[in-house]
Amino acid sequence: MSLLPELRYPTVTELVASARALAAHRPGVCALRQVGASRAGRPLHLLSMGHARRAVLVVAGAHSNEPTGGATLLAVAERVLNDRELRTDTSWHFLLCADPDGASLHVTPAPRSLFDYHLGFFRPAGPEQPEWSPSVLPPDRLPPETRALTGVIDELRPYLQVTLHGTDLGGSWVQLTKDVPGLAEPFAKSAAELNIPVETGASDAAGWPATGPGVHVMPSPGAGAAYPSMPDDARHSTWYHAHRYGGLTAVVEVPMWASDLVDDPAPHPAPAAALRQLAGRLLRDSRAVEEVLADALPRLQGDDGPLMRAAKWGLELVPGLAADWVHTPPADNTRAYVGSVDAFARRVPLRAAAMLLRVLQETDDPAAPRLERLVATWSHAFAERFRARWVPLEHQVEHQSRTVVAAALHARDLTA
């Protein structure tokens with residue numbers, strides 16, 4: 001059966017409906033159950049296929065602004081259902097959406113441009129993100145979504161957890177908590193076939209060793225961070241929770257818009273100077289958002305909703321991040337890395353501005369038009385600078401799906 005007749009970014013409601021129909025269609029193989037609830041009481045659902053003790057866990061929706069994962073999850077589930085070999089000695093489990101509250105606030109119907117994408121943008125503050133919260137909060141303050149996710153890992157003890165992520169503009173890359181020999185080849189082949197650039201110098205993986213282009217292995221918990229000011233450390237996230245059972249996590253990133261500027265491995269002529277320049281622009285852009293915020297705050301009557309919290313959290317990261325780029329030697333000297341940092345420096349103030357804009361528009365605040373002009377200008381400049389080209393959704397999903405299956409097969413060999 002087809003899980004999503006029309007390929008598009010599915011809502012959480014559509015994900016649950018598809019999973020429920022699948023479980024009813026193949027009750028001997030599939031089961032759908034609730035494994036927790038969000039802070040707002042929205043259910044978290046797990047779709048399971050097979051009964052083997054050896055398990056793969058696939059997680060979608062950990063970041064609400066990365067919508068491809070839901071469509072990929074359905075595609076992988078359909079492939080597993082139709083390929084008995086994938087279920088031989090392995091059960092597959094799909095957490096449909098790790099953050100349904102966040103998903104309810106990010107609006108991605110069918111973005112025609114980066115500006116459209118940012119008009120509906122939402123990404124929670126770090127402490128409210130299910131996978132990241134353990135890196136910034138004590139155990140007794142973890143949100144229920146995080147506790148549900150770690151509870152599933154405790155129950156299943158997966159040899160592999162795959163978490164489906166994405167980027168607005170850039171390339172594809174993989175982050176591994178342990179090396180998976182052999183994964184780099186099928187990953188690169190898939191990206192090439194689908195004309196998706198491989199992000200060889202991803203700023204998210206700055207300083208991490210690579211086992212192949214775009215395939216990065218996280219350093220040990222004791223290693224120094226490339227950006228010391230950043231409060232969230234991947235090595236303390238839920239990605240490492242599978243390690244207590246001998247497993248590992250693969251984070252598969254895929255772009256909505258592609259840019260060939262992020263896969264150039266050639267040395268940059270002056271990376272340190274370039275990063276200093278990017279740090280200066282980051283500070284200037286963030287100050288422009290802070291000026292609008294300072295003007296509007298007296299009229300917002302103490303608004304502390306999720307959009308406002310997330311916007312403020314993003315702005316608070318800026319001074320430390322800019323200082324990291326100025327005072328810390330570049331983690332990578334390639335053009336690809338400088339390009340990735342350039343994109344990072346554009347995203348932080350743009351996302352804060354986009355979320356603040358939504359707050360101001362809800363109250364018809366007079367500062368909204370000024371901020372909308374900033375969001376429009378920065379979105380267009382971002383797309384133009386990186387020569388953005390849309391990646392067809394079917395290509396996003398196909399590449400991410402192939403990488404998930406390849407990771408499962410190669411990681412299975414490690415534990416055979």
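The second largest pocket is lined by 26 residues, and those nearest its centre are Pro10, Thr11, Val12, Ala103 and Ser104. It holds about 440 Å³ of space. The model is a predicted one. The points below cover this pocket, helix α2, the aromatic pairs, charges over rings, two residues with positive phi, and Ala383.

**Second largest pocket**

- Three elements give two or more residues each to the lining of the second largest pocket: α1 (12–25), α2 (68–82) and α3 (100–105).
- Among the contributors, α1 gives the most, with 4 residues.
- Sorted by class, the lining is made up of 14 nonpolar, 10 polar and 2 charged residues.

**Helix α2**

- Helix α2, which also contributes to the pocket lining, has 15 residues.
- From its first C-alpha to its last, α2 reaches 21 Å, close to the 21 Å expected at 1.5 Å a residue.
- Because 11 of its 15 residues are buried, α2 is largely enclosed by the rest of the structure.
- The buried residues at the start of α2 are Thr68, Gly69, Gly70, Ala71, Thr72, Leu73 and Leu74.
- Val76, Ala77, Val80 and Leu81 of α2 are buried as well.

**Aromatic pairs**

- The structure holds 9 aromatic pairs.
- In one of them, Trp257 and Trp390 have ring centres 4.9 Å apart and planes at 70°; the pair is therefore edge-to-face, since the cut-off for that class is over 60 degrees.
- Trp257 belongs to strand β9 (residues 248–258) and Trp390 to strand β10 (residues 389–390), so this pair ties together parts that are 133 residues apart in sequence.
- The two partners differ in exposure: Trp257 is buried, at 5% relative accessible area, whereas Trp390 is partly exposed, at 36%.
- Both belong to a cluster in which ring pairs link Tyr117, Phe121, Trp257 and Trp390.

**Charges over rings**

- Arg54 lies over the face of Tyr159, at 5.9 Å from the ring centre.
- Arg385 has its charged end over the ring of Phe386, 5.5 Å from the centre of that ring.

**Positive phi outside glycine**

- Most residues other than glycine have a negative phi.
- Gln301 is not a glycine, yet has a positive phi of about 50°.
- Gln301 is found in the loop between α7 (271–296) and α8 (306–327), and is exposed, with a relative accessible area of 75%.
- Arg387 likewise has a positive phi of about 50° without being a glycine.
- The loop between α10 (368–385) and β10 contains Arg387, which is exposed at 58% relative accessible area.
- Strand β10, on one side of that loop, is the strand that holds Trp390.

**Ala383 and helix α10**

- Helix α10, on the other side of the Arg387 loop, includes Ala383.
- Ala383 has a relative accessible area of 23% and is partly exposed; the buried class ends at values under 20%.
- Ala383 and Ala343 are 40 residues apart along the chain, and their C-alpha atoms are separated by 9.9 Å.

Note on methods: Residues numbered from 1 in each chain as written. Predicted model: local features only at pLDDT ≥ 70, side-chain atom pairs only at ≥ 80, totals over all residues. Heavy atoms only, no water. 1 Å grid on protein atoms, 1.4 Å probe; cavity = no way out; pocket = protein on both sides within 12 Å on 5 of 7 lines; lining within 4 Å. Points joined across faces, edges and corners; volume = space filled by probe spheres on them. Nonpolar A, V, L, I, M, F, W, Y, C, P; charged D, E, K, R; others polar. Phe/Tyr/Trp six-rings, centres within 6.5 Å; stacked < 30°, edge-to-face > 60°. Buried < 20%, exposed > 50% of the residue type's maximum accessible area, 1.4 Å probe, protein only. Lys NZ or Arg CZ within 6 Å of the ring centre and 35° of its normal. Expected span 1.5 Å × (residues − 1).
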